[in-house]
Amino acid sequence: MDRVVDLDEVAAVLVGRTVGWRSAGLEVGQVTWRDAEASWPQPLETDRARVHDPDSVGVVISGPGEAELSVVLFQGGWADVEFIAGLDDAGSLPASGIASAADFEARMDQWVARVFEVCSGAQ
C-alpha cells in the first residue's frame with residue numbers, strides 16, 4: 001500500500017485538537033494504532049512504541065445525547081468515518097483522497113462540526 005499520509009503527523013493533529021474538543025464538552029478517547037506487520041486479527045494499540053509499521057490511526061469522540069464519531073485513517077489516504085448524531089441521523093461520511101495531515105485536519109474539523117454542531121476545537 002502506498003504511504004500517502006504520515007500517520008504520526010495525523011496523531012499530532014488529533015492530540016492538538018483534544019483540548020478544544022474537551023472544552024466544547026466532548027469526550028475524546030485515546031488515539032489507537034494498528035500495525036501492518038501484526039498477525040490477523042491486528043490488535044489496536046494505544047502505545048505508539050508498540051507499533052512498528054503503522055497502517056492506521058484512529059479516535060472515537062463522544063458527545064451529548066449519545067452522539068459519537070469514530071474516525072480511522074489509513075496510510076493510503078482514506079478513512080472509515082462512522083457517526084451517530086441522533087436517532088434519525090447516523091451513518092458513514094465520505095473520506096477518500098486525503099493527501100496530508102493538514103488535509104485530514106480540515107476534514108476532521110468538518111466531521112466534528114457535522115456530528116456535534118460545535119466548532120473545530122482549534123487551539
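Q: In this predicted model, how many residues lie between strand 6 and strand 7 in the hairpin that they form?
A: Strand 6 covers residues 79–86 and strand 7 covers residues 89–92, and the two run antiparallel. Together they form a hairpin, and the number of residues between them is two.

Q: How many bridges join strand 6 to strand 7?
A: A pair of strands is accepted when at least two bridges are found between them. For the antiparallel strands 6 and 7, the number of bridges is four.

Q: Which residue in strand 7 is the bridge partner of glycine 86?
A: Strand 7 consists of residues 89–92. Within this strand, the bridge partner of glycine 86 is aspartate 89.

Q: With which residue does aspartate 89 form a salt bridge?
A: The closest N and O atoms of this pair are 2.6 Å apart. Aspartate 89 lies in strand 7 and its partner lies in helix 2 (residues 101–116), so the contact ties together parts that are 25 residues apart in sequence. The partner of aspartate 89 is arginine 114.

Q: Are aspartate 89 and arginine 114 buried, partly exposed or exposed?
A: Buried requires a relative accessible area under 20%, exposed requires over 50%, and partly exposed is in between. The value for aspartate 89 is 27%, and that for arginine 114 is 34%. Aspartate 89 therefore counts as partly exposed, and arginine 114 likewise counts as partly exposed.

Q: Which residue forms a salt bridge with arginine 34?
A: The closest N and O atoms are 2.8 Å apart. The pair links distant parts of the chain, 21 residues apart, with arginine 34 in strand 2 (residues 32–35) and its partner in strand 4 (residues 54–62). Arginine 34 counts as buried because its relative accessibility is 19%, and its partner counts as buried at 5%. That partner is aspartate 55.

Q: Of glutamate 45 and arginine 50, which counts as buried and which as exposed?
A: The side chains of glutamate 45 and arginine 50 meet in a salt bridge, at 3.0 Å from N to O. The relative accessibility of glutamate 45 is 17%, whereas that of arginine 50 is 57%. Glutamate 45 is therefore classed as buried, and arginine 50 as exposed.

Q: Which residues are linked with Arg17 in a network of salt bridges?
A: The structure holds eight salt bridges. In the network that includes Arg17, the linked residues are Glu105 and Asp109.

Notes: Residues are numbered from 1 along each chain as its sequence is written. This is a predicted model: local features need pLDDT of at least 70, side-chain atom pairs count only at pLDDT 80 or more; totals for chains, interfaces and linings use all residues. Side-chain values use heavy atoms; hydrogens and water are left out. A salt bridge is a side-chain nitrogen of Lys or Arg within 4 Å of a carboxyl oxygen of Asp or Glu. Buried means under 20% relative accessible area, exposed over 50%, partly exposed in between (1.4 Å probe, protein chains only).
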